[in-house]
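How are the strands of a sheet and a pair of packed helices arranged with respect to one another's directions? The explanation below takes the sheet before the helices.

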Amino acid sequence: AMRRRGADYVGQEVVKLSTTPFWEEGRLTPRPFALRVFAAATPEGWRVMPGGFCRISDRGDARAFSMGEGVRSADVWVLGDRPAEMVTLLPQSEAVTVRRLMGALPSRAADNLFWLGRYLERAEATLRLIRCLCGRSIETDSVSRGSRPTVDRLQQLLVAWGAAPKREKELVATHPGFPIASTALHSGGHYGSAVALSREALRTASAIRERLSPDAWRLVVTLEQRLDVGKDSLPPEIESFDRADQALRAISALSGLMHENMNRVAGWRFLDMGRRVERAINTCRFARLFAASDASADDLDVVLDLIDSQITYRSRYRAGVALVPARDMVVLDPYNPRSVAFQLECIDAHLSGLPELRSDGILEAPRRMSKGLTSDLSVEEAAELDHPRLLAIEQRVTRLGDAIASRYFLQGPHAARADRQPDFA
């Protein structure tokens, strides 16, 4: 076999390794080790650098071939009798030129930033649903006022997007809302729950840790920690309401950091686009369920709560809540930072600031889709926004998110690439 395929084999002499003292369980024990040293080219020739990289075996077997598994690594330092000379290969301060470019952003980092934004926005939408549901359950006379259908819709929406199982509906008796709210808040076994989404946000953020400030990273960790806890002695509805409210404050603080402290380069654009895409989709879902043609006053009150626009609506319309003005504020109002139209305008602005693959003057697919959506919503009428139209808008926004991913996140051998390498990669 060696004569036929000699390249498939390698010979290695069995060598008995030396040992080094190793601190284990409060005492020193001998452990086999191998030291890797490094050589550097200098004007005086090659010199072996002091210190190196050490691999230490966890077993007492000192044969060389046993070092492949069960090893630990450590840096080896050689202490000197005087301070080491400070040497750097980095350019000196006077040689550094000022740059204000967008910078290079790897496709994988853009992908992670985009999905970090989406996971955070999904978590926020779920938390707002839970807080709204618990708030109406705490009001003892809410059902008597005829808001039980609204509570049922809130529960159905949490079940529909995977925050709680359908069987939880059977547990709603004297405390409407709590079983589903508690599950949607704390159950990591359901992919749409608040804690599951916070874990996904933390996992995604850990892949781009170097692109987040220490404060932003701590807030992402804090969000997951606040949700990944058991129930305390508070009554069910109050416990879930408080947990959701605390988590929403953490997300609000994180949003403020990202908006005020993050440089306006390509990474920020993808993070914000992810949030805008997800917010537009969720707002369409809220409008479809709570701003339908047969929506009650309590339904419209809920949808304004979910998009955090109660104060704006009350200051603009002195009369009670009405269907058409509520729809307009939720979907079409370009001045409302929570509306669908506002999200699409922001997405289009972000896409216009990113480099193009081709220099032929033709709009790329994501930009065509964003401009089409923005244009269509600018001429839409709130009175005509029935369920089919809202669903069509939601589906178009979903396709826009997919188009952004296909265009900017390199996926497989058929990924789109530029004619020439721009500043943004």
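Two strands are taken to pair if DSSP finds at least two bridges between them. In this predicted model, strand S5 (residues 52-57) and strand S6 (residues 71-76) satisfy that criterion, since six bridges join them and they run antiparallel. Within this pairing, Gly 52 stands opposite Val 76 in S6.

On the other side of the pairing scheme, S5 is also joined to strand S2 (residues 27-36), again in the antiparallel sense, over four bridges, and here Ala 34 stands opposite Arg 55 in S5. S2 in turn is joined by six bridges to S1, with the two strands running antiparallel, and Phe 22 has Thr 29 in S2 as its bridge partner. Taken together, these pairings give an open sheet of four strands in the order S1-S2-S5-S6. Strand S1 (19-24) and S6 each have a single partner strand and stand at the edges, so one side of each is left without a neighbour in the sheet. On average, and with direction ignored, neighbouring strands of this sheet are turned by 45° against each other.

Turning to the helices, helix H7 (residues 266-290) packs with helix H11 (residues 340-352) at an angle of about 155°, and their axes lie 9 Å apart. Because angles over 145 degrees count as roughly antiparallel, H7 is roughly antiparallel to H11. The crossing in which H7 passes H11 is left-handed. Among the residues that make the contact are Trp 268, Met 273 and Arg 276 of H7, together with Phe 342, Ile 347 and His 350 of H11. Sorted by class, the contact of H7 with H11 comprises 11 nonpolar, three polar and four charged residues.

Note on methods: Residues numbered from 1 in each chain as written. Predicted model: local features only at pLDDT ≥ 70, side-chain atom pairs only at ≥ 80, totals over all residues. Heavy atoms only, no water. Axes fitted to C-alpha atoms, helices over the stretch in contact; angles between N-to-C directions. Parallel < 35°, antiparallel > 145°, perpendicular 65-115°, else oblique. Left-handed = near helix turned anticlockwise from the far one by under 90°. Contact = heavy atoms within 4.5 Å. Nonpolar A, V, L, I, M, F, W, Y, C, P; charged D, E, K, R; others polar.
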